[in-house]
Amino acid sequence: MRETLFTNISQLVTPAPGVQRGAAMRDLTVIPDAAMLVSGGVIHWVGPRAEAPGTAQEHDLGGVAVVPGLTDPHAHAVWAGNRLADFEARISGVPYEEILARGGGIRSSMRATGAAGVEELVALARPRLEALRTSGATTVEVKSGYGLDFDAELRMLYAIRELQSEFQLVPTLLIHVPPTEGRAEYVQAVCHDLIPAVAREELATAVDVFTEREAFTVDETRAILQAAKAHGLQTKLHADQFHAIGGTELACELGALSVDHLEASGPAQIAALAASNTVATILPGVTLHLGLPAAPGRALIDAGAAVAVGTDLNPGSSPVFSAGLALALAVRLCRLTPAEALTASTVNAAVALGLSDRGALTPGQRADFLTLHSPDWRDLPYTLGTNPVQSVFVGGIRL
Ligand code: NIG
Ligand code: FE
């Protein structure tokens, strides 16, 4: 088995493995002048260089900092068309929700994506996923949700499946916005046709719903999530983006993996998340791009919740192609400390996808890690506008 001792690491920085909540999100281990032994794609030992086991072939990393590979737990990387006209309209004052209510926004991406074939979707998504990986994301969740009909939803999921041979992806079926007519029949068909088909073909590991005034009600969401659970799929939600209509409370009640967005969450939603095992995923790129209030990241951690950070890469609300930038924005916009932001983008983001084998540089974890351009890991949350990540290793192999 291939065994490598990575040496000349100025700082090896890691949270503890598994979910970290509240103040524990700040507990990083920082080992100066470190080494890391990797065998078969898995970490076997980390510690000071002077104490390293002396058998393996050495790989000198050049005196820079090493952090775990990031997980992006929320990305809509598959879409066709663009939203450049929406962008201009919003900048001149038309709200995102109004564009959606007029049949634009998400619905315009659905028209373009619904007209694209699988190979076109693969070709469009590939450079976006490459950009995310270059930014430090070694694992990325990718959603469907721009399908105009069920066939188009399945084409999006087939595109994601094809891209899984090139990237570590976690596919999610997103039930995004209801049709303008026949929404009760649509929800029925999602529960009785689409979810069973997706589960049967193992095209997704979770089902997500956009619970919002312009999208699905809490009752519709409950029916969809219960169907998902009945077919052995995990659940998650887009909730409290514009209005806190009860999606977060529902997700906590049903044991969802995560609730994502939370810009409109107040004390009741923060308390529900803090009392649950559901991860609170914040998406600061949306705050930047839509000019929305920021999700209450600081208050969530102070209340004891487990917070994750995602890019929400999508054409309408967050054209953020960098997991490192999302991490850096969480510090500025949601008031996470740099240490909390690293934990939110690594172990907690992985747990938001149901994964506990990655995100920490400790024995038994996947050897997915990043070298930075700097000897000090804090250049990762600090840097804006240029990539602080020097190289990306997946399973101990440099990409
Ligand atoms: O996470 N808010 C709902 N869905 C996406 C946006 C999708 C779009 O605007 O195309 C989000 O923000
Ligand atoms: Fe989203």
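In this predicted model, the side chain of Y96 places an N or O atom 2.5 Å from an oxygen atom of ligand 1. S317 makes a comparable approach from its own side chain, where an N or O atom is 2.6 Å from an oxygen atom of the ligand, while Q241 brings a polar side-chain atom to 2.6 Å from a nitrogen atom of ligand 1. The protein covers 100% of the 330 Å² of accessible area that ligand 1 has on its own, and the ligand sits in the largest cavity.

**Surroundings of ligand 1**

- The shell around ligand 1 comprises 15 residues, and the closest of them are R83, Y96, Y146, Q241 and S317.
- Sorted by class, this shell contains nine polar residues, four nonpolar residues and two charged residues.

**The largest cavity**

- The structure holds three cavities of 30 Å³ or more, and the largest cavity, in which ligand 1 sits, contains about 100 Å³ of space.
- Its lining is made up of 13 residues, among which Y96, I106, H176, N314 and S317 lie nearest the centre of the cavity.
- Y96 and S317 thus appear in two descriptions, being listed among the residues closest to ligand 1 and also among those nearest the centre of the largest cavity.
- By class, the lining of the largest cavity divides into seven polar, four nonpolar and two charged residues.

**The largest pocket**

- The largest pocket holds about 160 Å³ of space, and the residues that line this pocket are R107, M110, R111, G147, L148, V177, P178, P179, T180 and Y186.
- Helix α3, which spans residues 106–114, supplies three residues to this lining, and that is the largest share of the lining of the pocket.
- In the lining of the largest pocket, six residues are nonpolar, two are polar and two are charged.

Terms used:
Residues numbered from 1 in each chain as written. Chains lettered and ligands numbered in written order. Predicted model: local features only at pLDDT ≥ 70, side-chain atom pairs only at ≥ 80, totals over all residues. Heavy atoms only, no water. 1 Å grid on protein atoms, 1.4 Å probe; cavity = no way out; pocket = protein on both sides within 12 Å on 5 of 7 lines; lining within 4 Å. Points joined across faces, edges and corners; volume = space filled by probe spheres on them. Helix = DSSP H or I, 4+ residues; strand = E, 2+ residues; numbered from the N terminus. Nonpolar A, V, L, I, M, F, W, Y, C, P; charged D, E, K, R; others polar. Near = heavy atom within 4 Å. Polar contact = N/O pair within 3.5 Å; in protein donor to acceptor, adjacent residues only side chain to side chain. Areas by Shrake-Rupley, 256 points an atom, 1.4 Å probe, with all protein chains shown as cover. Sits in = over half its atoms within 2 Å of the grid points.
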